[in-house]
Amino acid sequence: MRDNVRRNMPLFSMGIVTKLTELTPRQVRYYEQQELIQPARTVGNQRLFSFNDVDRLLQIKSLMEKGINIAGVKEMLHGEETADQPKETVEVKKPDMSDADLHKLLKRQLSELSARPNQSHLIRGELSRFFH
DNA sequence: CTTCTTACA
DNA sequence: TGTAAGGA
């Protein structure tokens with residue numbers, strides 16, 4: 001039930017996201033302006049996207065390829081809060097190796113993806129398998 | 001080199 | 001949406 005923390009864990013840079021989504025930085029930033037996504041920021045004001053942000057971006061992309069405009073996309077995607085709302089239960093301090101491993105795995109996968117000429121498309125499904 | 005914001009073609 | 005400018 002706490003997969004959300006992983007889904008909303010900010011760990012993708014703009015570069016990673018553009019390669020993952022095949023969108024231009026311009027579009028990604030624009031969608032953020034339209035409040036379709038709300039990525040976190042680093043101390044240096046760098047955007048940090050979560051898996052949910054990427055997933056949402058892909059939905060937006062798909063929706064717009066169908067000829068739906070921002071307004072339409074907004075209506076459809078509104079309600080699926082991207083941000084992780086402050087939950088009471090934070091039984092923290094419990095060393096969750098599962099998360100650590102998953103984080104490492106994600107980083108490894110992303111390194112490979114960003115380190116070579118990639119061709120997304122099936123990436124959505126690829127990433128999804130981390131959250132079955 | 002990568003990303004950020006603002007602003008204009 | 002693309003891109004230039006100027007900074008971090």
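This passage describes the surface around DNA strand B and the helix H3 in a predicted model. Local features need pLDDT of at least 70 and side-chain atom pairs pLDDT 80 or more, whereas totals for chains, interfaces and linings use all residues. Residues are numbered from 1 along each chain as its sequence is written, chains are lettered from A in the order in which they are written, and side-chain values use heavy atoms, without hydrogens and water.

The residues around DNA strand B (a heavy atom within 4 Å of the strand) are Ser13, Met14, Gly15, Arg29, Arg41, Asn45, Gln46 and Arg47. Sugar and phosphate make up 96% of the strand B atoms that come within 4 Å of the protein. By class, this surface holds one nonpolar, four polar and three charged residues. Here Met counts as nonpolar, Arg as charged, and Gly as polar.

Polar contacts are pairs of N or O atoms within 3.5 Å. A backbone N or O atom of Gly15 lies 2.3 Å from a phosphate oxygen of DNA strand B. The side chain of Arg41 places an N or O atom 2.8 Å from a phosphate oxygen of the strand. Asn45 has a polar side-chain atom 3.2 Å from a sugar or linking oxygen of DNA strand B.

Helix H3 (a DSSP run of H or I, at least four residues, numbered from the N terminus) spans residues 25-33. Its buried residues (under 20% relative accessible area, 1.4 Å probe, protein chains only) are Val28, Tyr31 and Glu32. Seen down the axis, they fall within an arc of 105° (directions from the helix axis to the C-beta atoms), so they line one face of H3. An α-helix has 3.6 residues a turn, so residues three or four places apart point the same way. Arg26 and Gln33 are exposed (over 50%) on the face of H3 turned away from its buried side. Glu35 follows H3 and has a positive phi, near 60°.

Methods: Polar contact = N/O pair within 3.5 Å; in protein donor to acceptor, adjacent residues only side chain to side chain. Helix = DSSP H or I, 4+ residues; strand = E, 2+ residues; numbered from the N terminus.
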